[in-house]
Every structure is written in C-alpha cells, then in structure tokens.
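Please walk through this fold strand by strand and helix by helix. The report below follows the structure shown here.

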Amino acid sequence: MRVLTVGGAMIDTIAIIDSDRIERMKMFNAESSFLLLEEGGKTEAKNVSTHCGGGAVNAAIAMSRLGLDVAALVKLGRDSRAEVLLARLMEEGVSSRWALRDNRAPTGCSVLISSHDRNAAIFTFRGANTLLEPVDLQDDAFAVDAVYVSNLTNKSGECLPEIVKKAKDHDAIVAVNPGLRQLSAYGPVFQECLGMIDILSINRIEAGALVPHLATKVGEGGVAFPLAPGEEPPFLAAKGLSGGGFEMSLMGFCQALIALGPKYVVLTDGGRGAFVATRKELFYCPAAKCTVVGTAGAGDAFASTFTAFIALGRTEAEALRAATLNAASVVGHVDTQTGLLRMDAIEAALGDKSLLPAVRRWPCPSPTGL
C-alpha cells in the first residue's frame, strides 16, 4: 500500500510549565481559555525539548509505522532545520524523494507552551510551508494508492484542487485533514474539492467554520439524533454545531457534508470522543482512557490512522477504534510522534477487550433539501 502525504513540516520546540507557575484564565460563556505570561519575567520550565512535527510529517511517520510505503511531499528551506527533518523521515522509513527545498523562506517551526490541561498554546512560524505551488506537484508523486493532505498554510491552500485532481487521475483514495486557517481563508477553494474527497477529517472547531456554508445550502437545524428511548447521547450529539451565527444538529451537519461528496466524514471532539459518518450510518467512539501529557499531534494520529485502516480495507468500526487508540497513545507523550504505535501494537490492543473502546452506531436518515 503506497501513500503520499502532502502538507506541513515543522520543527517544534516544546516548553512544559508546571500549572502553579503559569496562570490560566477560562471563559464562563465560551469554551476558550488563555495562558497568561508575565511580561518582563522569566518562567521556570519543567522541560524544554525540540522535536520534528508538522501535519504531513506526523501522518507520514504514523502510516509508515503501520507498515505502509510512504513518501512525504513537503516544502523546506535550505537550513539546518530542513536537514533535521530529512534525517527524521529517513530514520522512520519515509521517502523524502518529493521533499522540496526553497531559498525564499526558512523551514517552518513552532513553539508550544504546555501547561494545566496540556492543550498547548502554539506560536507558529510557517516559513517554507506557505510556498507550495502547482509546479511542485509532479505527476509521478501521485502514482500511489492513497493521498493524505494535511493542513495547507496560506497560499499553499490554493494548491488543493490540483492535488486532489492529480490524486484522482491515479485513482487514489483522497484523505484531507484541513486546518481552521485553511477553511477560513480558502473556504471556496476547499468547498470546490469536496466532491473528490473520500475521507474528510475535522475537529469540532473546524466543523464550526463549515456550518455557515452548509446552513445556507440546507438551512439551520437538521434532523434530530435517532436515539433509542432512555439512550444517553454523546456530548456533541446533544449540543450540535455552531459557527458564524448558524446552528446545525450533528446529524444534519454530517448529512449535508456527505451529500457534497465525501464517503467518510471524521469529526473529532478531543477528550469527548469522535464520530464517523457515512451515507448509511453514524459511528461514535469515546476517547480511550489515558494520562494526558500533551495534546499536540493527536488529530494527525487519529486522521492518518483512520485513513490507513480504511485504505487497507478494514471496517469503519475497526478504523475508528484504531485511530482512537493511536491518538490516546500520542497524548501520553509531549511531542507528536513518540507515541505513534506500530501495527502489531494496535492489532494487539484491538484484540484486548479491556482496551477496546465501545463503538456505538446509528442509522443515518436519507438527507433532504440537498
């Protein structure tokens, strides 16, 4: 099984701060919270470490550890950070044949501040990640079984239609895991590609950015969740989704997206679990129990593992469980890659009933108004 990952490559510097050394402010009427740094003062860190990261690199290493033949198409500068990333790809058995160097900007990097609930605040310098151009997309790179597209930053987001087209020209499965910035700044570009995307992976915040577009097509609200009498709904099924002043039910949101083309819509909600929608069913898996050290990279692990299992012909429930287990392993480490599991470890976990998250499923009513 050959896979190409496309998107971000970063060097991450991660600072772990004890909760009693940095203040946190949490909003009462919103779900936002803020870490407060003292101006002009030094804050003692528990640890500061440097790691390789970025959506395309994280996904490539995840799928390589699952036994797939993976190459990464990323844009790097001509600097020492690029050399570190290239060495990391080689170490993990990921081909860097399509890794590109550009004189116009340094390799991207991030600084992560992790404290309190370990949902890190991130300072990002996107660098060469913003410079992907259509000329960089060589036809031979897309002669694979699956193409996984991570967040495309800034102008690189304009390349998505060409990436998807080239993948489909080679009959490849197309999986896309866009970021909030891409959905907001390049929404129309993303929306025109929906009909050619097989697997769309988004989190709850990113889903909110799509709500206005979908609500204007099908209206607000949507069908109610088909719960059995006395059945307790998952949080997001009860709350629904909102964005831009519009609100939609979870089932209505998934129906509307599926009707626009994707075969699978993967919707993650952090520690509250994740959903997978198809035309016929909606699946839900709660988050696996784990000790959270850092949340960075959990979404990449989830989306790439789900994609790998679907590409390998596994069922939606198996893919959802495997993705949940791999994401839980990642958040047990400060960086985005140390916790990524190999296939034998995931298979063993899938066979252990005590570790297996219970997957619930509901039928999807036929969409209306589309």
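## Two hairpins around β16

In this predicted model, three residues link β16 to β17 in a hairpin. Strand β17 covers residues 281-285, and its pairing with β16 is antiparallel, over four bridges. One pair to look at is V276, whose bridge partner in β17 is F283.

On the other side of the sequence, β15 and β16 also form a hairpin, this time with five residues between them. G270 sits in that turn and has a positive phi of about 55 degrees. Strand β15 (residues 264-268) runs antiparallel to β16, and four bridges join them. V265 has A277 of β16 as its bridge partner. V266 stands opposite V276 in β16.

## The faces of β16

In a regular strand, side chains alternate between the two faces of the sheet. Which residues lie on each side of β16 (residues 274-277), and are they buried or exposed? A274 and V276 lie on one side, F275 and A277 on the other, and all are buried. Both faces of β16 are therefore covered, since buried means under 20% relative accessible area.

## The ten-strand sheet

The hairpin strands belong to an open sheet of 10 strands. The order is β7-β6-β1-β10-β11-β12-β15-β16-β17-β18, and the pairing is mixed. Its edge strands are β7 (100-101) and β18 (360-363), each of which pairs on one side only.

Helices pack on this sheet. Helix α6 (residues 204-218) touches β12 (199-203) and β15. The direction of α6 makes about 105 degrees with that of β12. Helix α2 (residues 80-91) lies across β6 (69-76) and β7. Relative to β6, α2 runs at about 175 degrees.

## The four-strand sheet

A separate listing gives the strands of another open sheet. Four strands form it, in the order β5-β2-β8-β9, with mixed pairing. The edges are β5 (47-53) and β9 (121-125), and each pairs on one side only. From one strand to the next, the twist averages 20 degrees.

Strand β2 (residues 10-16) meets β5 in the antiparallel sense, over seven bridges. A15 stands opposite V48 in β5.

## V48 on the edge strand

V48 is placed in strand β5. Is V48 buried or exposed? V48 counts as exposed, because its relative accessibility is 52% and the cut-off for exposed is over 50%.

Setting aside neighbours within four places in sequence, V48 is in contact with T13, I14 and A15. A308 lies 260 residues from V48 along the chain, and 32 Å separates their C-alpha atoms.

## Helix α9 and its partners

Helix α9 (residues 298-311) packs against helix α10 (residues 316-330). Their axes are 8 Å apart, at an angle of about 150 degrees. Angles over 145 degrees count as roughly antiparallel, so α9 is roughly antiparallel to α10. The crossing of α9 past α10 is right-handed. On the α9 side, the contact is made by A298, A301, F302, T305, F306, F309 and I310. On the α10 side, the contact residues include E316, A319, L320, A323, A327 and V330.

Helix α1 (residues 55-65) also meets α9. Their axes come within 9 Å and cross at roughly 45 degrees. The two helices are therefore oblique to each other, and this crossing is right-handed. From α1, the contact uses G55, N58, A59, A62 and M63. From α9, the contact uses D300, S304 and A308.

## Nonpolar cores

Which members of the largest nonpolar core touch the most other members? Of its 56 residues, they are M63, L76, F306, F309 and L320. M63 is also among the α1 residues in contact with α9. F306, F309 and L320 also take part in the contact between α9 and α10.

L320 links back to the hairpins. Leaving aside neighbours within four places in sequence, L320 is in contact with A274, V276, F283, Y284, C285, F302, F306 and V359. A second core of 53 residues is separate and includes L73, L152, C159 and M248.

Note on methods
Residues numbered from 1 in each chain as written. Predicted model: local features only at pLDDT ≥ 70, side-chain atom pairs only at ≥ 80, totals over all residues. Heavy atoms only, no water. Core = buried A, V, L, I, M, F, W, Y, C linked by side-chain atoms within 4.5 Å. Buried < 20%, exposed > 50% of the residue type's maximum accessible area, 1.4 Å probe, protein only. Contact = heavy atoms within 4.5 Å. Pairing = 2+ DSSP bridges. Axes fitted to C-alpha atoms, helices over the stretch in contact; angles between N-to-C directions. Parallel < 35°, antiparallel > 145°, perpendicular 65-115°, else oblique. Left-handed = near helix turned anticlockwise from the far one by under 90°.
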